Amino acid sequence: MLRNGPDPTSHAFGATVWLLAGHVLLHAVITLIMLGFLALRIWRGYTSPRRNGEARILQLWADFTAVTGLLALTAAWAPGAFA
């Protein structure tokens, strides 16, 4: 458990923060798997400037993960910011 972090069993805020953290972590792991798959395809020569669909999909997924992470951090930080 995080030091000074919210307890997920005592309040809905804590449960929500942990749910968001898990969601972002899952998407980050999927991003790393996709990145490894794309690196392997590049290394094996299966991509070219004309066939770059996987790279564009990975870019969209990584951008989504980054925005989701920022929103989760904002949601976790916001209640304490105005206290």
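1. Nonpolar surface patch. In this predicted model, Leu-25, Val-29 and Ile-33 together make a nonpolar patch of about 300 Å² on the surface. Leu-25 is located in helix α1, and Val-29 belongs to helix α1 as well. Their accessibilities can be stated separately: Leu-25 counts as exposed, with 57% relative accessibility, while Val-29 has a relative accessible area of 41% and is partly exposed. Val-29 can enter such a patch because the cut-off for membership is over 30% relative accessible area, and its own value is 41%.

2. Overall make-up. The protein chain contains two helices and zero strands. Helix α1 covers residues 12-44 and helix α2 covers residues 53-81. Of the 83 residues in the chain, 13% are buried. The accessible surface of the chain comes to about 6,600 Å², and carbon and sulfur atoms account for 71% of that surface. Among contacts with a separation of 6 or more, 51% are between residues 24 or more positions apart.

3. Thr-31. Which residues does Thr-31 touch, not counting residues up to four places away in sequence? They are Leu-58, Trp-61, Ala-62 and Thr-65. Thr-31 itself sits in helix α1. With a relative accessible area of 15%, Thr-31 is buried, because the limit for that class is under 20%. The side chain of Thr-31 also makes a polar contact with the side chain of Trp-61, at 3.3 Å.

4. Thr-65. This residue belongs to helix α2. Is Thr-65 buried or exposed? Thr-65 is buried, its relative accessible area being 11%. Apart from neighbours within four places in sequence, Thr-65 is in contact with Val-24, His-27, Ala-28 and Thr-31. The contact with Thr-31 can thus be read from either side: Thr-65 appears among the residues that Thr-31 touches, and Thr-31 appears among those in contact with Thr-65. A polar atom of the Thr-65 side chain lies 2.9 Å from the backbone oxygen of Trp-61.

5. Val-29 relative to Thr-65. A C-alpha to C-alpha distance of 10.0 Å separates Val-29 and Thr-65 in space, and 36 residues separate them in sequence. Val-29 is in helix α1, and Thr-65 is in helix α2. Val-29 is partly exposed, whereas Thr-65 is buried.

6. Aromatic pair. How many aromatic pairs are there? The count is one. Trp-61 and Phe-64 form this pair, with 6.4 Å from centre to centre and 55° between the planes, and the pair is tilted. The angle of 55° gives that description because planes under 30 degrees apart count as stacked and those over 60 as edge-to-face, with the rest counted as tilted. Trp-61 and Phe-64 are three residues apart in helix α2, so about one helical turn separates them. Trp-61 is partly exposed at 28% relative accessibility, and Phe-64 is partly exposed at 43%. Trp-61 also returns in the points above, through its side-chain polar contact with Thr-31 and through its backbone oxygen, which lies 2.9 Å from a polar side-chain atom of Thr-65.

7. Salt bridge. What does a search of the whole structure for salt bridges find? The search finds one. This salt bridge is formed by Glu-54 and Arg-41, whose closest N and O atoms are 2.9 Å apart. Glu-54 lies in helix α2 and Arg-41 in helix α1, 13 residues apart, and the pair links distant parts of the chain. Glu-54 is partly exposed, with a relative accessible area of 29%. Arg-41 also counts as partly exposed, at 22% relative accessibility. Both values fall in that class because buried means under 20% and exposed means over 50%, with partly exposed in between.

Terms used:
Residues are numbered from 1 along each chain as its sequence is written. This is a predicted model: local features need pLDDT of at least 70, side-chain atom pairs count only at pLDDT 80 or more; totals for chains, interfaces and linings use all residues. Side-chain values use heavy atoms; hydrogens and water are left out. A salt bridge is a side-chain nitrogen of Lys or Arg within 4 Å of a carboxyl oxygen of Asp or Glu. Helices (H or I, at least four residues) and strands (E, at least two) are DSSP runs, numbered from the N terminus. Buried means under 20% relative accessible area, exposed over 50%, partly exposed in between (1.4 Å probe, protein chains only). Rings of Phe, Tyr and Trp (its six-membered ring) pair if their centres lie within 6.5 Å; planes under 30 degrees apart count as stacked, over 60 as edge-to-face and the rest as tilted. Patches are made of residues with over 30% relative accessible area and no salt bridge: like charges are joined within 9 Å, nonpolar side chains (Val, Leu, Ile, Met, Phe, Trp, Tyr) within 5 Å. Accessible areas come from the Shrake-Rupley method with a 1.4 Å probe; for residues, only the protein chains shown count as cover. A polar contact is a pair of N or O atoms within 3.5 Å; within protein, one must be able to donate a hydrogen and the other to accept it, and residues adjacent in sequence count only if both atoms are side-chain atoms. Contact means heavy atoms within 4.5 Å.
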